[in-house]
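Please open the model in your viewer and keep the selection tool at hand. The tour goes from one stop to the next, each time saying what to select and what is found there.

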Amino acid sequence: MKKIFLLFALGVFAIQVVAQDLNALSAKLRYHVYYLADDSLAGRLTGTTGEAKAANYIVQEFRNIGLIPAGENGNWLQPFTFTAKQTFGGTVVAFDKEKLSFATDYAVPAITATGSVKGKPVDVGYGIQNSSLKHDDYAGRKELEGKIFFIRLGSPDGNNPHGKFGADATLEQKISLAKKMGAIGVVFYPGSTEDALPNDPLDRRTQAAALPAIFLKKPLASKLPMEVSLKTEIRKTTTTGHNVAGWINNNAPLTVVIGAHYDHLGDGSLGGSLSTAKKAIHNGADDNASGTAGLIELARELKKRNDDRFNYLFIAFSGEELGLLGSAYFAKNPTVAIDQVTAMLNMDMIGRLDSSTMQLGVHGVGTSPLWKEVVESQAGPLQLKTTESGTGSSDHTSFYLQNIPVLHFFTGTHRDYHKPEDDADKLNYQGQAEVVAFILRIIGQLPSNEKLVFTKTADEDSRNTPRFKVTLGVMPDYFYEGKGVKVDGVTEGKPGHAAGMLAGDIITKLGDYTISDMMSYMKALAAFEKGKTVKLEVERNNKIVPLEVTF
């Protein structure tokens with residue numbers, strides 16, 4: 001009796017799900033997943049009709065449960081707009097009066113600016129200035145203003161990105177320098193058949209360089225043309241995604257956020273697919289119809305139980321597959337008081353529990369001192385594999401960056417991950433019910449008399465993050481569409497933190513590399529080794545701040 005009295009004094013509420021309830025819960029979860037992962041929703045790509053159908057379904061379920069709308073302006077939905085894709089528009093290249101063929105003569109780099117220019121050409125060799133290496137292709141050159149620069153690909157020491165001219169040889173750097181020297185456009189050319197032609201993809205976050213540019217597929221003829229005309233175009237397509245939010249408002253001092261993303265990859269044509277099939281519907285039953293189904297049923301259970309210790313906010317995020325867009329937008333534009341949030345619980349891929357091992361991943365247990373004890377005490381039949389990190393490739397990261405304790409529940413990757421084969425008939429619904437019941441037990445153990453203490457953790461490589469020999473230990477802001485890479489969070493103990501980087505900084509230069517977007521940032525990271533100390537420039541409060549980082 002003393003123990004029970006103590007638990008209730010701490011604001012703890014026992015929540016149990018018995019065996020017969022698990023069977024009923026399993027059937028409900030199955031029903032939701034089969035709808036959300038049906039071909040008729042076409043893979044639930046953010047901003048599409050399939051996403052809208054899924055959102056409408058979630059809204060209807062939230063309404064039937066008795067939740068209150070918690071989106072924008074008292075509605076169920078919270079819209080957010082972003083650049084969905086970029087494509088090449090019409091390109092015209094002419095040497096004197098002869099039009100070149102896109103198919104055989106030239107190609108367009110992803111970083112070209114949109115523009116139409118005409119001018120006299122001038123060959124500036126590699127287009128490199130490096131005083132420490134005593135190399136200057138512009139030395140003694142006059143009358144460069146207003147001309148179109150022909151620039152050789154690579155550098156004097158070849159095409160080695162790790163060579164001494166590595167940073168000088170990037171297209172971004174060459175175009176930037178050409179702009180300073182007076183160029184109005186750039187034509188890159190291979191000096192020999194060994195010079196590598198760029199193949200960087202044009203994605204939705206690619207940032208345009210300072211000038212229109214093309215590159216020739218063959219070495220230059222012996223004589224330059226008298227006049228060059230360039231017309232290049234990058235077309236941006238914006239779209240709007242929608243978070244779905246509903247809550248149980250008990251007028252309590254604290255709020256628990258429960259979330260799951262409901263978007264997926266559509267037909268895979270815009271990226272993210274690990275399949276060789278072209279334009280096949282990726283239904284995303286485990287990723288993440290499973291978590292969305294869990295979200296709906298947790299809302300039903302908590303509404304039914306009249307647990308008024310907290311307010312409960314249920315959010316189905318969109319845009320997760322595009323870089324945590326929906327959760328990042330909500331965390332910075334909350335529709336309820338985010339300073340009252342005591343914890344965020346996230347479900348992403350909870351449908352493939354292995355019945356033989358019963359192993360469940362629980363990430364984020366280091367984000368509050370209370371988590372480990374609570375999580376382990378409520379495991380029941382589950383065998384837990386815990387990690388402390390509050391960051392990763394799912395929506396809990398957006399709340400961790402707001403200094404909110406988080407937990408992420410995950411039954412593991414599998415051969416169907418990000419493939420069309422991730423279908424509803426592959427899920428373990430009884431196992432999924434066990435995970436939902438486990439989360440209910442955790443909620444029952446949360447103290448309601450005070451906010452959970454938040455602690456920062458070491459970062460963790462996400463399953464979609466490229467591996468480099470070095471890292472700054474920062475979380476990029478994937479909603480940012482300006483020049484450079486904006487920092488959403490800085491991990492303590494990592495090189496960026498030691499260098500003095502802050503959330504909100506925009507990385508503009510790393511070593512000698514100009515940082516214009518995520519692609520140039522990754523290229524720069526790939527060039528450095530552990531132990532290397534380099535200069536770092538960030539834009540902070542509209543001023544360039546020089547820093548020094550040791551990897």
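Before the first selection, one term is needed: two strands pair if DSSP finds at least two bridges between them. Keep in mind also that this is a predicted model.

**First stop: an open sheet of four strands**

Select strands E4, E3, E13 and E6, which in that order form an open sheet with antiparallel pairing. At its edges stand E4 (98-99) and E6 (115-119), and because each has a single partner strand, one side of each is left without a neighbour in the sheet. Now narrow the selection to E3 (residues 92-95) and E4, which are joined in the antiparallel sense over 2 bridges. There you can find Phe-95 standing opposite Glu-98 in E4.

**Second stop: an open sheet of five strands**

Next, select E5, E12, E11, E10 and E7, which form an open sheet in that order, this one with mixed pairing. Its edge strands, E5 (106-107) and E7 (121-123), each pair on one side only. From E5, step across to E12 (residues 213-216): the two run antiparallel and are joined by 2 bridges, and Ala-107 has Phe-215 in E12 as its bridge partner. Then add helix H4 (residues 171-180), which lies across E10 (148-152), E11 (185-189) and E12, and which runs at about 140° to E11.

**Third stop: two helices side by side**

Select helix H3 (residues 49-65) together with helix H5 (residues 285-305), which pack with their axes 10 Å apart and at an angle of about 10°. Since angles under 35 degrees count as roughly parallel, H3 is therefore described as roughly parallel to H5. To see where they meet, show the side chains of the contact, among them Tyr-57, Ile-58 and Phe-62 of H3 and Leu-295, Ile-296 and Arg-300 of H5. The residues of this contact divide into 7 nonpolar, 1 polar and 3 charged.

While H5 is still selected, look for Asn-288, which has its place in this helix. A cis peptide bond, with omega at about 5°, joins Asp-287 and Asn-288.

**Fourth stop: a covered strand and the cores**

Move on to strand E18 (residues 359-363), which is mostly covered, as 4 of its 5 residues are buried. Strand E19 (residues 383-387) runs parallel to E18 and is joined to it by 5 bridges, and His-363 stands opposite Thr-387 in E19.

Then select Ile-258, Phe-314 and Phe-409, which touch the most other members of the largest nonpolar core, a group of 64 residues. Helix H9 (residues 429-444) gives the most to this core, with 10 residues. Another core, of 25 residues, lies apart from it and includes Leu-472, Met-501, Val-538 and Leu-547.

**Last stop: two loop residues with positive phi**

Select His-418 in the loop between strand E20 (406-410) and H9. Although His-418 is not a glycine, its phi is positive, near 55°. Is His-418 buried or exposed? Its relative accessibility is 4%, so His-418 counts as buried.

Finally, go to Asn-542, in the loop between strand E25 (533-540) and strand E26 (543-550). Asn-542 is not a glycine either, and has a positive phi of about 65°. With a relative accessible area of 73%, Asn-542 is exposed.

Conventions:
Residues numbered from 1 in each chain as written. Predicted model: local features only at pLDDT ≥ 70, side-chain atom pairs only at ≥ 80, totals over all residues. Heavy atoms only, no water. Core = buried A, V, L, I, M, F, W, Y, C linked by side-chain atoms within 4.5 Å. Buried < 20%, exposed > 50% of the residue type's maximum accessible area, 1.4 Å probe, protein only. Axes fitted to C-alpha atoms, helices over the stretch in contact; angles between N-to-C directions. Parallel < 35°, antiparallel > 145°, perpendicular 65-115°, else oblique. Contact = heavy atoms within 4.5 Å. Nonpolar A, V, L, I, M, F, W, Y, C, P; charged D, E, K, R; others polar.
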